[in-house]
Amino acid sequence: MLALALTGLLAAATPDPARPLLVTVDDLPIAGGSHEDAAERRRITDGLLAALAKHRIPAVGFVTWKNFREGDQALLDAWLQRGHELGNHTDRHLSLTSNEAEVWIADGERARERLLAFLRARGHALRFFRFPFLNEGDSEAKLDAARTWLAQTGQRNLTVTIDDQDWSFEEPWVAAERAGDAAALAGVAEDYLAALRLSVRHHEASGDRLLGRRSPQVLLLHANAVGAANWDRLFTWLEGTGHRFAGADEVLADPAFSELPRVVATHGFGLWDRLAVTRREAEARDEVAQLLARQAEAWTRGDLEAFCAAYAEDATFLTPSGSTHGRQQVLERYRLRYPGREAMGALTLELLETRTAWGTEISLLDDAVPSRIHAVSVVARWTLRRAGQPDATGLTLLALRPRGDGWQIVQDASM
Ligand SMILES: [Zn+2]
């Protein structure tokens, strides 16, 4: 009894384990095109590596060869010597959305071979890949082509959970630095840190909500001057808010990373947004299937009012003989044709195909994120069984829109 009570006390006194967070850094050696001076490139790299070292952070850096300048070999060597891992972030940083899959893969493959040679010569392996702009395919075919290439070449898509806009502060930072404007620099630094804090909190809350537990995180940063000057403060804040910097192997071992959701989209999203949209799609399909099942039940028990409640007030109903507008008119049409339960018989609806429609919207953080599901369309086979008559059957195409917390049929083409 005493032992149990003590165990309980100890458990209560132990603080929650810190949240594991992997730091990833894109666009190595130096992001953006505003630092051509070799000494400046060295200074930025040293600043980034010093902040990582001070906070004992094992990072994964992603190399984009178009950012590579003469002499940058030493910069990449410095990342490796400090114990960080390097991954492939393509040659020309092409978006998979705005390029054909073949062109995009050829670019990625060229980069992979170059990085592999670089790493092998230094006794390192190449394991990770990062999609430019986080664009993983705006068609099923592109998404499959990219995933097949990654699988065949043994590269793992190191997905991001904290997608942010850190890169957007580089231009004002560099401008303020070159103007020698200390007040402007301080202002950009505050904005940079505030934006990152907001992104971290937002994406962590989404991850926790989705997983129902403290979600592990992969933070996206860029190798730039604003980062070199401000990462120490960022990392200090992260440490003070319950984070623990962890390596790629530990973070990626979490089951949350075991499967990459299939999200076909023109924009790039973080993993939690991808998981959220696939979950919303599954929910929408389920809700519509249930609505149609309830509708068939209502028909079979002779309740035409309940059957027609699934239609929007201004629904359009088409049959080979013409069209009917409005829920009330649809109800009256059915009442004329099916006077009584016997005439109605038993209805079954077999769902043959369900498609969902969604797009992107702008988040509070000024980023493109998946929207809610705007519409669901269903192809179904309807079958009517009536005593003493042969079965009647046909096809129907239904378009549904969200209404409150449910769905309603706005168009019905039955044949
Ligand atoms: Zn990038």
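Helices and strands here are DSSP runs, numbered from the N terminus. By that numbering, Gly 32 sits in the loop between strand 1 and helix 2 (38-54). The model is predicted. The points below cover a zinc site, two surface patches and two individual residues, Gly 32 and Trp 149.

**Zinc site**
- The zinc ion has three protein donors: Asp 27 through OD, His 89 through NE2 and His 93 through NE2, at 2.1 to 2.2 Å from the ion.
- Along the sequence, the donor residues follow the spacing D-x61-H-x3-H.
- Distant parts of the chain are linked by the pair Asp 27 and His 89, which are 62 residues apart.
- Asp 27 belongs to strand 1 (residues 19-28), whereas His 89 is in the loop between strand 3 (85-88) and helix 4 (101-120).
- Asp 27 counts as buried because its relative accessibility is 10%, and buried means under 20%.
- His 89 also falls in the buried class, with a relative accessibility of 1%.

**Loop after strand 1**
- Gly 32, in the loop between strand 1 and helix 2, has 42% relative accessibility and therefore counts as partly exposed.
- The C-alpha atom of Gly 32 is 7.5 Å from that of Asn 224, although the two residues are 192 residues apart along the chain.

**Negative surface patch**
- Four residues, Glu 283, Asp 286, Glu 287 and Asp 405, make up a patch of negative charge on the surface.
- One of them, Asp 286, is located in helix 10 (residues 271-300).
- The relative accessible area of Asp 286 is 44%, so this residue is partly exposed.

**Nonpolar surface patch**
- Leu 352, Leu 395 and Met 415 form a nonpolar patch on the surface, and their accessible area together is about 270 Å².
- Within this patch, Leu 352 is part of strand 10 (residues 346-362).
- Leu 352 is classed as partly exposed, because its relative accessibility is 45% and that class runs between 20% and 50%.

**Trp 149**
- Trp 149 is a residue of helix 5 (residues 140-152).
- With a relative accessible area of 6%, Trp 149 is buried.
- Between Trp 149 and Phe 131 the C-alpha to C-alpha distance is 13 Å, and the two are 18 residues apart in sequence.

Methods
Residues numbered from 1 in each chain as written. Predicted model: local features only at pLDDT ≥ 70, side-chain atom pairs only at ≥ 80, totals over all residues. Heavy atoms only, no water. Donors = N, O, S within 2.8 Å, 3.2 Å for Na, K, Ca; no water. Helix = DSSP H or I, 4+ residues; strand = E, 2+ residues; numbered from the N terminus. Buried < 20%, exposed > 50% of the residue type's maximum accessible area, 1.4 Å probe, protein only. Patch = residues over 30% accessible without salt bridge, like charges linked within 9 Å, V, L, I, M, F, W, Y side chains within 5 Å. Areas by Shrake-Rupley, 256 points an atom, 1.4 Å probe, with all protein chains shown as cover. Salt bridge = Lys/Arg side-chain N within 4 Å of Asp/Glu carboxyl O. Lys, Arg positive; Asp, Glu negative; His and termini not counted. Charge placed at Lys NZ, Arg CZ, Asp CG, Glu CD.
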